[in-house]
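Reader: I would like to learn how to read a structure step by step, beginning with a single residue and ending with whole chains. Could we go through one together?

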Amino acid sequence: MKLVTAIIQPEMLETVQKALVRHGVGGMTVSEVSGYGRQRGHIEVYRGEEYTIDFITKVRLEVLVDDEDAEALTGVIVQAARTGEVGDGKVWIIPVDTVVRVRTGESGSTAI
Amino acid sequence: MILELNSGDTAWILISAALVLLMTPGLALFYGGMVRAKGVLNMMMMSFISMGVIGVLWVLFGYSLAFGNSVGGAGIIGNPFEFAGLQSLLVNDPEASYPALAFVAFQACFAIITVALVSGAIADRASFGAWTAFAVLWGTLVYFPAAHWVFAFSNPDAGVVGGWIANVVGAIDFAGGTAIHINAGTAALVLALVIGPRIGFGTRPMRPHNMTLVMLGAALLWFGWFGFNAGSAVAANGLASLAWVNTLAATAAAMLGWLVVEKLRDGHPTSLGAASGIVAGLVAITPAAGAVSPLGSLAIGALAGIACAYAVGLKYRFGFDDSLDVVGVHLVGGLVGTLLIGFFADPATSGDPADPGVAGLFYGGGLDQLGKQAIGAFAVMAFSFVMTYLIALAIKYTIGWRISSADELSGIDLAEHSEAGYDLSPVYYTNKVQRTLVLTKDDMPVAETTGAKK
């Protein structure tokens, strides 16, 4: 099993979600995160004083999938989340040892 | 002369008093939104405690010190015993057009907001006890005398002697440009100097945490200010109406002035600029509301908005942490408004062509009134500076001003009030103290029998 994690632009979340649902993904976890990469922060001005806001808000999206689905799913996310601007984010895949569904106790692929 | 009690005037004074009291919670929102989230409650509490402290002092002896017959006829301070406890005002005066207690109520709210204004200079770092002590001392030793100088008018027929700026100098201060704004602004400067800057001032970002609170606060201040200025006519009449219109005109122009400066200088007109411009305009028109025309108000407002937009940058140049710009807005705005009366005072504002009012420089009155305005403004400024310095030092070397640096870094709300301004998480992180770590018998054996150590 794999965990696909994507850091994307907050405004692209809905597009990505729809693309994943069309692809047959039945669930996902989303969290609000802050950070920066090549896209630096922005500047805010209060009473003439400028502040740089280094860490900008992004959305982290996580999906658990079977090994063979991971690549395709990553492609779906990348395609849906792309605006072509700096700051579109990243997607990575990491291996997962075990998944257990809390309600039933079943584990492995059936728990995804 | 027997006057009948004027119910219209009385009603307007009582409503104005309530409007002015509303300004203090409004100020708490205005200030509270401008600090970081970890200090919002302390910022608001510094305003709220003024309602508590001054509300009590005003009844006990504050009104007497401000509006009692001048001790020795010198115009410096009112007789503190004359209206002590307000007991002597329970008897109706058959010659008054409104009850004295209505005026007591109205002026109480002025005293409350003046003390609260000062707190903007000392955000995030002052012990609440020290601030409360300051409110008691500063209200008694600085505001009540200054209010006497400016607001207590002599009444020779009744043998009442008032304050020296209002009666001897003859400076025009309709609703408190000197006694309130120059006074509070000067005190703010002194406290910023004595208490010192917040940890990280000038190097770490301290951006406002909630601009919507600031906007709401500015709105409530403007709303309440109609009572502040139009109520200062102490009657429901033409003068009150003029003051009302001027309070609209100057404030609108000041907001535009501030925003134009921001657009040209910083590239963006900001909501904080709009809110600040509103307050700058309100401050500047306060002394002038009854003495200038609506067109003069537009000029005073615009000039105040522009001047204050630049003045708020001074603290960075001189390195004093007047956190929320009480100096840049209230001292500078108060000076602008008080001094510009010397230029813009319009004799037509008396409402009676046969008995014209004071004329400023632009209306052929020469420099006479400007000189009076300058004396009033700088006398209050000097008095406030010296007295506030003495009070601030007295507190510094007795109970001390600063909370510990650890408390300041983790947030004054928790340290001084044991509260947090916001709990926006749906996760229930908290627990009642007595339940924390109280484990039942069933919980215990697992750790005991496995020999697990903490």
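Reader: Is A:G27 buried or exposed, and how many other C-beta atoms lie within 10 Å?

Author: In this predicted model, one counts the C-beta atoms around a residue, and 12 or fewer within 10 Å make the residue exposed. A:G27 has 9 other C-beta atoms within 10 Å, and therefore A:G27 is exposed.

Reader: Where in chain A does A:G27 lie?

Author: A:G27 belongs to the loop between helix 1 (13–22) and strand 2 (29–35) of chain A. Sequence and space can also be set side by side: A:G27 and A:A6 are 21 residues apart in sequence, and their C-alpha atoms are 14 Å apart in space.

Reader: How many residues does each chain bring to the contact between chain A and chain B?

Author: The size of an interface is often given as the accessible area lost when the parts come together. Here we count residues instead: chain B gives twelve residues and chain A gives six residues. On the side of chain B that touches chain A, helix 8 (238–266) and helix 9 (271–288) of chain B each supply at least two residues, and that side divides into four nonpolar, four polar and four charged residues.

Reader: What is the angle between helix 2 and helix 3 of chain B, and how far apart are their axes?

Author: Helix 2 (residues 40–67) and helix 3 (residues 100–118) of chain B pack at about 130°, with their axes 8 Å apart. Angles over 115 and up to 145 degrees count as oblique, so helix 2 and helix 3 of chain B are oblique to each other. Their crossing is right-handed. Among the residues that meet are B:W58 and B:Y63 in helix 2 of chain B and B:I112 and B:V115 in helix 3 of chain B; by class, this contact has twelve nonpolar, five polar and no charged residues.

Reader: How do helix 10 and helix 12 of chain B cross?

Author: The axes of helix 10 (residues 294–311) and helix 12 (residues 326–344) of chain B come within 9 Å and cross at roughly 145°, and this crossing too is right-handed. The contact includes B:L303 of helix 10 of chain B and B:F344 of helix 12 of chain B, and its classes are twelve nonpolar, four polar and no charged residues.

Reader: What can be said of chain B as a whole?

Author: Chain B has 16 helices and zero strands, and 52% of its 454 residues count as buried. Its radius of gyration is 24 Å, which agrees with the value near 22 Å for a compact globule of 454 residues.

Notes: Residues are numbered from 1 along each chain as its sequence is written. Chains are lettered from A and ligands numbered from 1 in the order in which they are written. This is a predicted model: local features need pLDDT of at least 70, side-chain atom pairs count only at pLDDT 80 or more; totals for chains, interfaces and linings use all residues. Two residues are in contact if their C-beta atoms, placed from the backbone, lie within 7 Å. Helices (H or I, at least four residues) and strands (E, at least two) are DSSP runs, numbered from the N terminus. Ala, Val, Leu, Ile, Met, Phe, Trp, Tyr, Cys and Pro count as nonpolar, Asp, Glu, Lys and Arg as charged, and the others, Gly among them, as polar. Axes are lines fitted to C-alpha atoms, for helices over the stretch in contact, and angles run from 0 to 180 degrees between N-to-C directions. A crossing is left-handed if the near helix is turned anticlockwise from the far one by less than a right angle, and right-handed if clockwise. The radius of gyration is taken over C-alpha atoms; the globule rule is 2.2 Å times the number of residues to the power 0.38. A residue is buried if 20 or more other C-beta atoms lie within 10 Å of its own, exposed if 12 or fewer, and partly exposed in between; C-beta atoms are placed from the backbone. Angles under 35 degrees count as roughly parallel, over 145 as roughly antiparallel, 65 to 115 as roughly perpendicular and the rest as oblique.
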